[in-house]
Amino acid sequence: MTAAKGLIALVVEDDDFQRRTVARMLRSLGAPEVREARDGKQALASMQGAAPADLVVCDLDMPEMDGMEFIRHLGQANSAASIIICSAQDSALLNSVDKMARAYGVRLLGVIEKPVTLQGLEDLIKMHEASKPRPLNASAGAPGFSLEEILHGVREKQFEPHFQPKVALATRKVLGAEALARWRHPQHGLVAPYAFIAQLEQSGKIDELTLLMLEKSALACRAWRERGMDLVVSVNLSLVSLADTMVADRITDTVRSAGFDPRYMILEITETAAMTEVAPALENLARLRMRGFGLSVDDYGTGFSSLRQLTRVPFSELKIDQSFVTGCAANPSSRAIVESSIEMARRLELKSVAEGVETQAEWDVLQATGCDMAQGYFIAKPMQEDAFVSFCDAQSRSRQSLD
Ligand code: C2E
Ligand code: MG
Ligand code: MG
């Protein structure tokens, strides 16, 4: 039992008995120092001046300052601590807190339901080491990349799209691909989006990456179509970009300069809490739709995407967030959300896409409900362009042999 060996731990919990129990468990798991706090306020105070805690085990419902607010403060302080949330709240709430913590850039190891068990705690703490080389997560304050380094990489065009197939649930045919940004760093190898997206967004520089992704994705999809593959490509668009009324023109120019027709491109947009400037966003989206781009609501169901925006933005596609899709076969509340999202998409005449499909059982639920498309590890992980083309070729051969 050495999962917590060498870790300075902090337990934030208002119930004395539970707090002491968790503290005892942490000691038995090898933590050399375990601090205790009754609520977020005390916890923050205990963090002033002292050596920072490596691991924070935190309750949600506490007097004075609750777990949510405490997590926000940790995020704003760029804390490098790993967080475990333990709570008796229902899974839908825990799910949203999980999303919220990630959105604040906090390193969340996971959520355990109360009562906390030694095994449950140990399993999550083991992930502390596994998730350690998050040095690449710039927002975590760990030795991430500076904005200058990221922008240098963008200007050197070191970023490239990896493509994850979107397939028809009815036929298994590949209909398109989502382009996901990867940084081919000259020293660090392939770097995932969490290490650069938030930083680019916060500094107002995300457009530089977006335009590069649009250009490379348009060129790739153009080549596929020239080979006779009837595919569309999806690119992620940050909502912050939409505050500038010129962005629709820049996007259109970039795509057309690559010799690509916007009708074969879908822009995926996630609504965030930061969406304050609604009017320019709507202007841009209307203009993009008018020019033929498809518009997709990404991460649908994650709280920030409101029903209202579905009716005011000319969306053509709805992507159900993976937090509901993964596990929907076993979890009745996820399944209810997935099924009603599909039904709503149908009534609003939007294509439905389930992302994060990981198992046959999930595939079956989606197929039975009449979801249009699936994306996820069950089908394929995001791949480099040549691997994606080979994947499509192999799929079409195996479908032909079935016909
Ligand atoms: P997203 O747009 O929701 O993309 C889906 C994410 O889920 C991708 O993570 C993908 O690799 C992952 N994923 C796909 N299938 C599965 C599955 O079956 N199970 C699990 N657990 N995960 C799956 P990735 O590539 O790390 O991207 C993360 C996020 O970063 C994206 O979420 C998107 O919001 C953002 N992002 C990526 N590329 C760009 C970009 O070029 N521009 C902008 N603005 N954001 C981007
Ligand atoms: Mg997306
Ligand atoms: Mg998504």
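Is R346 buried, partly exposed or exposed? R346 counts as partly exposed, because its relative accessibility is 45%, a value between the 20% and 50% cut-offs. Keep in mind that you are looking at a predicted model. Let's tour its metal site, its ligand and some of its charged pairs.

**The magnesium site**

- The magnesium ion (ligand 3) has protein donors from D298, D299 and E355, and these lie 2.0 to 2.7 Å from the ion.
- E355 appears twice in that list of donors, each time through an OE atom, while D298 and D299 each donate through OD.
- Along the chain, the donors follow the spacing D-D-x55-E.
- Distant parts of the chain meet here: D299 sits in strand β11 (residues 294-300) and E355 in strand β13 (residues 351-355), 56 residues apart.
- E355 counts as buried, because its relative accessibility is 6%.
- A second ion, the magnesium ion (ligand 2), is 4.1 Å from the magnesium ion (ligand 3), and D298 coordinates both.

**Around ligand 1**

- There are 21 residues around ligand 1, and R182, D298, Q322, E358 and Y377 come nearest.
- The side chain of Q322 has an N or O atom 2.7 Å from an oxygen atom of ligand 1.
- A polar backbone atom of A181 is 3.0 Å from a nitrogen atom of ligand 1.
- E355, which you met as a magnesium donor, also has a polar side-chain atom 3.5 Å from an oxygen atom of ligand 1.
- Ligand 1 exposes 800 Å² when taken alone, and the protein buries 82% of that.
- Strand β7 (174-185) gives the most to the shell, with 4 residues.
- Sorted by class, the shell has 8 nonpolar, 6 polar and 7 charged residues.

**Salt bridges**

- Side chains of opposite charge can pair when their charged atoms come close.
- The structure holds 26 salt bridges.
- One of them joins K166 and E317, with the closest N and O atoms 3.0 Å apart.
- K166 lies in strand β6 (residues 159-168) and E317 in strand β12 (residues 317-320), so this pair ties together parts that are 151 residues apart in sequence.
- Both K166 and E317 are buried.
- D249 and R291 form another salt bridge, at 2.9 Å between the closest N and O atoms.
- D249 is partly exposed at 25% relative accessibility, and R291 is partly exposed at 24%.
- R346, from the opening question, forms a salt bridge with E343, with the closest N and O atoms 2.7 Å apart.
- E343 and R346 are separated by about one helical turn, because they are 3 residues apart in helix α13 (residues 332-347).
- Salt bridges that share partners also join D16, R19, R27, E36 and R38 into one network.

Methods
Residues numbered from 1 in each chain as written. Chains lettered and ligands numbered in written order. Predicted model: local features only at pLDDT ≥ 70, side-chain atom pairs only at ≥ 80, totals over all residues. Heavy atoms only, no water. Donors = N, O, S within 2.8 Å, 3.2 Å for Na, K, Ca; no water. Helix = DSSP H or I, 4+ residues; strand = E, 2+ residues; numbered from the N terminus. Buried < 20%, exposed > 50% of the residue type's maximum accessible area, 1.4 Å probe, protein only. Near = heavy atom within 4 Å. Polar contact = N/O pair within 3.5 Å; in protein donor to acceptor, adjacent residues only side chain to side chain. Areas by Shrake-Rupley, 256 points an atom, 1.4 Å probe, with all protein chains shown as cover. Nonpolar A, V, L, I, M, F, W, Y, C, P; charged D, E, K, R; others polar. Salt bridge = Lys/Arg side-chain N within 4 Å of Asp/Glu carboxyl O.
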